[in-house]
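Biologist: Please take a close look at one buried residue and its surroundings. Then set that site against the pockets and cores around it.

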Amino acid sequence: MRLSYAATGLLSVILSSSVAFAQSDEERLQQLEERIQELEQEREQAEESEDGISLGGAVRFQYVLADYDEGQKNRGGDLQLDIFRLNLDGQINDVILSAEYRWFEYMEALRHAYFGYNFSDEWQGQVGIIIQPFGVMPYNSHNYFFNSTFYVGLEDNPGSGLLMKRRSDNWDLDFALILNDELGGATGDVRSRADSYNYNIVGIRLPGEGIYDDPEFTASENNTLMTRIARKWHFDDSMLELGVSGKFGDVDDGTASVGSQATWGIHSVYETGRWEFHAQYARYDYDLDIENEGIMVGAYAYYDTIPTAADVITANVAYSYPVEWGPVSQLQFYNNHSIITNKRGYEEDTWMNVLGMAVTAGGVFTYVDLVTAQNQPFINGSLAGESTGTQTRFNINFGYYF
């Protein structure tokens, strides 16, 4: 069948339009692909620009007024430098670095220093001097003095080893191998095993020694396996966390094993609105092969003694209140209570209660603490003490963080 001239012209127009539309779509698709490539390049450049190590730190001062220091009471309290610290944090080509070093007037100490890598959005590995996973984390307290858990190495305690951790909306999983403490163990090359950020085993207290004497029988924790498992439930305006922790390892004198150690604990965290509640129970036990009167520990430039076994119980409550008072943006009110009881070889308990307030004001962070305690380090006591009385310390610690 032959088409008329008019029909042929109409068909030509339709075909030309179709080709034009096809060409237009093809051009638009190419432009879209080019834009996608540009955005991908911008994303990669942004990720590359995030690579780098940032420098931070803090300078902190402290005012102290204690009822067990008559001279200080007569002076109206003392104001002194607390610490100067530097932090390094960041990553280069996906390899993480985190480190913190602290200078005091009487010593210096490393808090942590590790390399890390994110294997996925939830799993991270760390190697170096890591923070040991146990109980309520990152801190089982809100105040400047921590809880009594800190003084037996169960809160914010570094150690040299490996850590694999998972963080998700519903689970915290931590698995660690701690080869020795951050000072290199019993044979570590350090100026003094008392110069450390947290309390490490430095020896075994032999019969007849004073609780503050320098070590004669050196020892340290060795080849310690740790695990922490916590389950979290999220509700409309609240969160509940329940967890268990375990710590099992060796005690070594530098040449051979002289005993073993085991610690286990359970904890809970409940957050609702501006309120936060912590509760934790732990039991530690050092089974030593030689006659002793306790474990020697070292930290903050002095030696002390702790029982070889005890129960450690803590309970915390805190309330955060946002404000707009010049630079002041938040107040947090808290009460932290801890008790160490059922001590092997010692009759009197250790307990500490800290009633306080934390103030956030720009780069300045301040703790205002009223501490009442019995047989508590830094409050005129020792975990190996047998005092039946209490001591009180009013403390203001304020620092600028950068």
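Modeller: Start with Asp 156. Asp 156 touches Arg 111, Ile 131, Tyr 139, Phe 146, Phe 150, Tyr 197 and Asn 198, leaving aside residues up to four places away in sequence. This is a predicted model, so read every contact as a property of the prediction. Asp 156 sits in the loop between S5 and S6. Its relative accessibility is 4%, so Asp 156 counts as buried, the cut-off being under 20%. One partner stands out for its chemistry: the side chain of Asp 156 makes a polar contact with the side chain of Tyr 197, at 2.3 Å.

Two other partners lead to the second largest pocket. Asp 156 touches Ile 131 and Tyr 139, and both of these are among the residues closest to the centre of that pocket. Met 137, Pro 138 and Arg 167 are also in that closest group. The pocket holds about 480 Å³ of space and is lined by 25 residues. Several strands each supply at least two lining residues: S4 (108-118), S5 (123-131), S6 (158-167), S7 (171-180), S11 (257-272) and S12 (275-288). By class, the lining has nine nonpolar, six polar and ten charged residues.

Phe 146 leads elsewhere. Asp 156 touches Phe 146, and Phe 146 is one of the residues nearest the centre of the largest pocket. Arg 60, Arg 102, Tyr 144 and Phe 145 are named there too. The largest pocket has a volume of about 750 Å³ and a lining of 32 residues. Strands S1 (52-66), S2 (78-92), S3 (95-103), S18 (364-374) and S19 (391-401) each give two or more residues to the lining. S2 gives the most, with five. By class, the lining of this pocket has 17 nonpolar, six polar and nine charged residues.

Now the nonpolar packing. The largest nonpolar core has 47 residues, and Val 152 and Tyr 300 touch the most other members. S12 gives the most to this core, with four residues. S12 also supplies at least two residues to the lining of the second largest pocket. Val 152 touches Tyr 284, Ile 306, Val 312, Ile 340 and Leu 383, again leaving aside residues up to four places away in sequence. A second core is separate and has five residues, including Val 323, Val 328, Leu 331 and Ala 361.

Terms used:
Residues numbered from 1 in each chain as written. Predicted model: local features only at pLDDT ≥ 70, side-chain atom pairs only at ≥ 80, totals over all residues. Heavy atoms only, no water. 1 Å grid on protein atoms, 1.4 Å probe; cavity = no way out; pocket = protein on both sides within 12 Å on 5 of 7 lines; lining within 4 Å. Points joined across faces, edges and corners; volume = space filled by probe spheres on them. Nonpolar A, V, L, I, M, F, W, Y, C, P; charged D, E, K, R; others polar. Core = buried A, V, L, I, M, F, W, Y, C linked by side-chain atoms within 4.5 Å. Buried < 20%, exposed > 50% of the residue type's maximum accessible area, 1.4 Å probe, protein only. Contact = heavy atoms within 4.5 Å. Polar contact = N/O pair within 3.5 Å; in protein donor to acceptor, adjacent residues only side chain to side chain.
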